[in-house]
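Below is a brief report on a two-chain model. It moves from symmetry to domains, then to single helices and loops.

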Number of protein chains: 2
Amino acid sequence: MTIEPLKIQHDLVAWLTVAGDKIRQSLTDELHVKTKSGRNDLVTNRDKEIEQFYVRQIRTNYPQARICGEEGFGDVVEDLAGLIFFVDPIDGTMNFVKQKENFATMIGVYLDGQPIVGGILDVMAQKLIVGGPTTGVMLNGRPLSIRLDLNIADGLIGVNSGMLAKNVDHVTDLIRLSSGARITGSAGIEFGQVITGKQIGYISNLSPWDVAAGWAIGSALNIEAHTVTGQQPSLLKREIIIAGIPTIWQNFTKLQS
Amino acid sequence: MTIEPLKIQHDLVAWLTVAGDKIRQSLTDELHVKTKSGRNDLVTNRDKEIEQFYVRQIRTNYPQARICGEEGFGDVVEDLAGLIFFVDPIDGTMNFVKQKENFATMIGVYLDGQPIVGGILDVMAQKLIVGGPTTGVMLNGRPLSIRLDLNIADGLIGVNSGMLAKNVDHVTDLIRLSSGARITGSAGIEFGQVITGKQIGYISNLSPWDVAAGWAIGSALNIEAHTVTGQQPSLLKREIIIAGIPTIWQNFTKLQS
């Protein structure tokens, strides 16, 4: 399959920008909030509308692609063959509902399991990060680069509160070696912090649509993403992901032994 | 001592705004970072310059007042008699250094230990919250009100990572009853989230300058602040503070028994 990463990135910029406009414009409209897997796993009518918008765009422009979307309007994706768009219409729905800020809309695009491009829009801050291995990385149009040579003591780490509370996989021990923990409640915002050099890592239990955009963009900056066993993210199931500059994985593995 | 809360609030708006401008304008200037009590307790030349700016303003306009400032350019305050300005030039210095965002500059003003007015500026987001019991509360000039009747399950709680990791005073158990934990690394930003209704509580180990502004503003909205023994914040030493809408303290005390 021949693909043009720049064309896809160009389309992501347009779709994410329009979706962000839609979300901001509808902030005062009525919101129907439902729970999914548990009390704190929310979905709203807005999540569904935005995913349907993305699905329409992708079906029209990339009819050969499959879609893995958080709200289920795409396809059932059980392997990584071909072109796949991973779609998270509102990442951080709890923040969207409770804070009306600190949430993202994002898309990651992969070909045969390899990152092509991703886009993450911090909707309220209007910060759009797009990029991929062949296209470079930009924040609102400005090229980004980050320092990969920092030590664990030199930076902040985004983390999942349950993992921090229970020291899962020695994550709390890892945090103690760092400048501190941060919890924002949105994987997109957390990956954005790593990609812009504001955090050196992010560790959480993530679904494919949580990790796809951030990993596609991050891989262009040599930001690493591993499962606890050192594999690449599977993009097929929910799993713990250790993402960040090299010191994060080095110290994580050291703590497991 | 006769004081005019509105006049003080007017002055806080001016000083915080000018300080915010100074900090943003100097973001690209050289920063000298030193550690204080430990590896992750930072101070920069900018913290010191801004505190000195506030001290000059207060000495000129309120010569009868005492000043309790984080960086020590004020007075040694060992009791709460009279008019006291609690000054935190850069709250969230770690974020200031590592993220260049998510930090605040803030001042809380008390008369004989009673809150008069406070001001918190989220410097990079340019969100200024000011207010007090007799002046009302405003965010960038717009009056604020919040819901006090929410249940613990209905909202997010800001927390200190060490307390979350160790379940200090059953704080982790409290978080499990809520919509989730958030960690921003700035007491001013966390109090701002509570005051604007984006979080229902904030629990951390706080110095007087960390709590003074938020409590002065929050008290005007009937946001509560307690020590672990149910006292008002002492404003004289570092101590754990449980702040939030009534459900936070009710559930906190239930979990201690």
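## Symmetry and interface

Chain A superposes on chain B by a rotation of 180° with 0.0 Å of shift along its axis, at an RMSD of 0.0 Å. The fit is by least squares on the C-alpha atoms of residues with pLDDT of at least 70 in both copies. In general, two copies of a chain are related by a rotation about an axis and a shift along it. Here the relation is that of a two-fold axis.

This is a predicted model: local features need pLDDT of at least 70, side-chain atom pairs count only at pLDDT 80 or more, and totals for chains, interfaces and linings use all residues. Residues are numbered from 1 along each chain as its sequence is written, while chains are lettered from A and ligands numbered from 1 in the order in which they are written.

How many residues does the contact take from each chain? It takes 21 residues from chain A and 21 residues from chain B. Two residues are in contact if their C-beta atoms, placed from the backbone, lie within 7 Å. On the side of chain A that touches chain B, at least two residues each come from H3, helix H4 (161-166), helix H5 (171-177) and strand S11 (180-182) of chain A. By class, that side of chain A has 8 nonpolar, 9 polar and 4 charged residues. Ala, Val, Leu, Ile, Met, Phe, Trp, Tyr, Cys and Pro count as nonpolar; Asp, Glu, Lys and Arg count as charged; the others, Gly among them, count as polar. Of the interface residues of chain A, 100% are also interface residues in chain B, so the copies meet through the same surface.

## The chain and its domains

Chain A holds 8 helices and 14 strands. These are DSSP runs, numbered from the N terminus: helices are H or I with at least four residues, strands are E with at least two. The C-alpha trace of chain A spans about 50 × 40 × 35 Å along its principal axes. Its radius of gyration is 17 Å, which agrees with the value near 18 Å for a compact globule of 257 residues. That radius is taken over C-alpha atoms, and the globule rule is 2.2 Å times the number of residues to the power 0.38.

Buried residues make up 51% of the 257 residues in chain A. A residue is buried if 20 or more other C-beta atoms lie within 10 Å of its own, exposed if 12 or fewer, and partly exposed in between, with C-beta atoms placed from the backbone. Among contacts in chain A with a separation of 6 or more, 61% join residues 24 or more positions apart.

Chain A divides into domain 1 (5-143) and domain 2 (152-256). The bounds come from an automatic or database domain assignment. The C-alpha centres of the two domains of chain A lie 20 Å apart. Their contact takes 36 residues from domain 1 and 25 residues from domain 2 of chain A. Several elements of chain A each supply at least two residues of the domain 1 side, including strand S4 (83-91), helix H3 (93-98) and strand S6 (114-122). S6(A) gives the largest share of that side, 7 residues. The residues of that side divide into 19 nonpolar, 11 polar and 6 charged.

## Two helices

Helix H6 (residues 187-195) of chain A has 9 of its 9 residues buried, so it is largely enclosed by the rest of the structure. Among the buried residues of H6(A) are A:Ile189, A:Glu190 and A:Phe191. Just after H6(A), A:Gly197 takes a positive phi of about 80°.

In helix H8 (residues 246-256) of chain B, the buried residues are B:Thr247, B:Ile248, B:Asn251 and B:Phe252. They cover an arc of only 130° around the axis, which puts them on the same side of H8(B). The arc is that of the directions from the helix axis to the C-beta atoms. An α-helix has 3.6 residues a turn, so residues three or four places apart point the same way. The cover over the buried residues of H8(B) includes helix H5 (171-177), S12 and strand S14 (239-244) of chain B.

## Loop residues

Two aspartates have positive phi.

| Residue | Phi | Loop | Other C-beta atoms within 10 Å |
|---|---|---|---|
| A:Asp169 | near 50° | between H4 and H5 of chain A | 16, partly exposed |
| B:Asp112 | near 50° | between S5 and S6 of chain B | 12, exposed |

B:Gly197 sits in the loop between helix H6 (187-195) and strand S12 (201-206) of chain B. B:Gly197 is buried, with 20 other C-beta atoms within 10 Å. Not counting residues up to four places away in sequence, B:Gly197 touches B:Ile146 and B:Arg147.
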